[in-house]
Amino acid sequence: MIRKVGIIAAALSLALSGASAMAKVSDADANKLGNELTPLGAMKAGNADGSIPAWTGGITSAPAGYTVGDHHPDPYPEDKVLFEITAQNYKEYADFLSEGQKKLFEAYPETFRMPVYPTRRSASNPQAIYDATKVNATSAELLDGGNGIKGAVLGIPFPIPQNGLEAIWNHILRYRGEAVQRNGGQAAVTTGGDYNVIGFDEQLLIKYAEEGATPEKLTDENVLFMFKQKVTKPARLAGTALLVHETVDQVKEPRKAWTYNTGQRRVRLAPNIAYDTPGTAADGLRTTDDFDMFNGSPNRYNWKLVGKKEMFVAYNNYALHSDNAKYDDILKPNHVNPDLTRWEKHRVWEVEATLKDGFRHIYQKRVFFIDEDSWQIQVADMYDNRGELYRVGVAYGVNYYEVPTQWSTLDVYHDLNSRRYLAIGLDNEEEMYDFTVRPRDVEFTPQALRREGMR
């Protein structure tokens with residue numbers, strides 16, 4: 001039986017999507033942050049057998065020789081593989097695996113494996129994020145129906161979550177810097193291992209974490225973040241562009257999106273860039289709300305906070321992130337190259353999303369496993385309308401020292417029906433993410449989108 005830890009009985013009863021003003025915690029509970037809890041709400045202590053150590057601050061400085069702009073070198077180069085989980089022995093570790101992970105062993109018994117390394121609780125954020133998180137703990141609230149938040153800024157809104165909606169909003173609003181410029185791409189890999197890389201030039205401006213942001217300003221402007229994406233290759237798609245304004249109160253004003261089509265040379269409103277609309281150039285292997293493991297309005301699902309468990313997740317994947325690895329080294333038939341992956345045992349929050357009556361989505365149920373130290377979704381199991389496992393998402397994480405933030409270097413979506421997968425975030429052969437950019441709001445307008453598309 002899966003071991004559940006660290007969740008109060010009252011939280012289990014809040015398996016409702018309609019929870020509204022239950023978010024605030026007492027001053028006494030908030031004072032646990034930074035003491036028995038980490039500043040973001042994780043259990044600071046290690047586990048009973050020592051396989052998960054105590055959190056002692058995560059990575060607070062980069063390895064010697066690192067320069068901003070480099071692909072991030074492995075801070076743990078001396079670590080060795082402790083053991084491997086394979087199709088032959090995975091049942092011995094079943095309590096520490098998701099149903100989707102088990103399915104990957106069954107689907108690819110000859111090749112899929114998990115090299116397990118010592119657990120390094122490397123997740124860290126700036127002190128300002130920790131300070132803001134403690135303030136948010138006693139002030140943040142879900143808006144009616146949980147389709148937005150108020151009373152929070154900069155830090156994790158609900159570090160001591162009381163229901164599934166609060167936990168998923170923590171993932172959506174986890175700290176990833178104030179802004180970032182990303183160059184990279186994605187590849188939809190065939191069963192034989194063939195692929196074409198779709199190149200992207202992306203900018204993300206996070207108004208929630210912007211200097212000078214306040215809860216009142218967020219409420220007035222009603223924008224959480226702005227995202228702009230331009231396809232750079234192949235030539236037949238180059239120039240196609242997307243702009244998204246994500247709102248704070250999604251009831252008052254849903255997400256706004258625009259697309260630029262090079263053939264028509266026009267910017268159009270795109271109200272369907274949400275939910276299960278197929279992702280950009282993804283060969284039908286992910287939905288729009290799969291991006292970043294989950295994004296957008298949670299209003300089509302009932303959310304249940306199942307509890308916390310220990311689980312093997314992809315953590316500190318610096319080999320997969322390295323500019324010494326080429327795309328051909330990474331992208332193999334059926335899954336990414338296991339030799340470049342690193343799996344560790346961590347504690348995760350388990351959150352179950354079940355489609356509401358009267359709503360439609362290709363996923364009837366989704367189960368998310370969220371890292372307690374960073375609020376990054378590590379694994380997502382997606383079920384179809386027959387109740388069968390359909391897709392499995394895996395986030396391969398690293399710590400971006402210069403921010404610092406724990407974030408995925410590669411998100412991989414496995415389609416169990418077609419036996420294909422989509423890898424998003426390929427940047428090994430590109431320039432590294434730039435977290436120093438400070439784009440202006442005017443760069444995230446439909447007019448700016450048209451200019452970007454025509455270049």
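**Exercise 1. Strands E13, E14 and E15**

Determine how many bridges join E13 to E14 in this predicted model, and in which direction the two strands run.

*Solution.* Begin with the pairing itself: E13 and E14 are joined by six bridges, and the two strands run antiparallel. Next, look for a residue pair that illustrates this register, and you will find Phe369 standing opposite Val379 in E14. Then follow the chain through the connection, where E13 and E14 form a hairpin with five residues between them, and where Trp375 in the turn has a positive phi of about 70°.

Continue to the other neighbour, since E14 is also joined to E15, in this case by five bridges and again in an antiparallel arrangement. Here Met382 has Arg391 in E15 as its bridge partner. The hairpin of E14 and E15 has five residues between the strands, and Gly387 takes a positive phi near 85° in it. Finally, check how covered E14 is: seven of its seven residues are buried, which leaves the strand mostly covered.

**Exercise 2. A salt bridge across the chain**

Find the residue with which Asp373 forms a salt bridge, and decide whether each partner is buried or exposed.

*Solution.* The partner is Arg121, with the closest N and O atoms 2.8 Å apart. Locating the two residues shows that the pair links distant parts of the chain, for Asp373 lies in the loop between strand E13 (365-371) and strand E14 (377-383), while Arg121 lies in the loop between strand E2 (114-116) and helix H4 (127-137), 252 residues apart. For the second part of the task, the cut-off for a buried residue is under 20% relative accessible area. Asp373 is buried because its relative accessible area is 5%, and Arg121, at 7% relative accessibility, counts as buried too.

The contact can then be placed in its wider setting: Arg121 and Asp373 belong to a network of salt bridges that also links Lys308, Arg347 and Glu372. The structure as a whole holds 29 salt bridges.

**Exercise 3. Two further salt bridges**

Work out where Arg182 and Glu202 lie in the chain, and how many residues separate Glu106 and Lys103 in helix H3.

*Solution.* Take the strand pair to start with. Arg182 forms a salt bridge with Glu202, the closest N and O atoms being 2.7 Å apart. Arg182 sits in strand E5 (residues 179-189) and Glu202 in strand E6 (residues 197-206), so that the pair, 20 residues apart, links distant parts of the chain. Both residues count as buried, Arg182 at 16% relative accessibility and Glu202 at 7%.

Now turn to the helix. The side chains of Glu106 and Lys103 meet in a salt bridge with an N to O distance of 4.0 Å. Because the two are three residues apart in helix H3 (residues 99-107), they are separated by about one helical turn. Their accessibility is intermediate, since Glu106 is partly exposed at 43% and Lys103 is partly exposed at 37%.

**Exercise 4. Aromatic rings and the charges over them**

Classify the pairs Tyr301 with Trp303 and Trp343 with Tyr396, and name the ring over which Lys345 lies.

*Solution.* The model contains 23 aromatic pairs. In one of them, Tyr301 and Trp303 have their ring centres 6.1 Å apart and their planes at 65°; the angle is over 60 degrees, so the pair counts as edge-to-face. Tyr301 is buried, with a relative accessible area of 2%, and Trp303 counts as buried at 0%.

The same reasoning serves for Trp343 and Tyr396, whose centres lie 5.8 Å apart and whose planes make an angle of 75°, again edge-to-face. This pair links distant parts of the chain, with Trp343 in strand E12 (residues 343-355) and Tyr396 in strand E15 (residues 389-400), 53 residues apart. Trp343 is buried at 1% relative accessibility, and Tyr396 is buried at 2%.

For the last part, Lys345 lies over the face of Phe96, at 4.2 Å from the ring centre. Phe96 itself is part of one aromatic cluster with Phe83, Tyr93 and Phe312. A further case is Lys356, whose charged end sits over the ring of Phe359, 5.7 Å from its centre.

Terms used: Residues numbered from 1 in each chain as written. Predicted model: local features only at pLDDT ≥ 70, side-chain atom pairs only at ≥ 80, totals over all residues. Heavy atoms only, no water. Helix = DSSP H or I, 4+ residues; strand = E, 2+ residues; numbered from the N terminus. Buried < 20%, exposed > 50% of the residue type's maximum accessible area, 1.4 Å probe, protein only. Phe/Tyr/Trp six-rings, centres within 6.5 Å; stacked < 30°, edge-to-face > 60°. Lys NZ or Arg CZ within 6 Å of the ring centre and 35° of its normal. Pairing = 2+ DSSP bridges.
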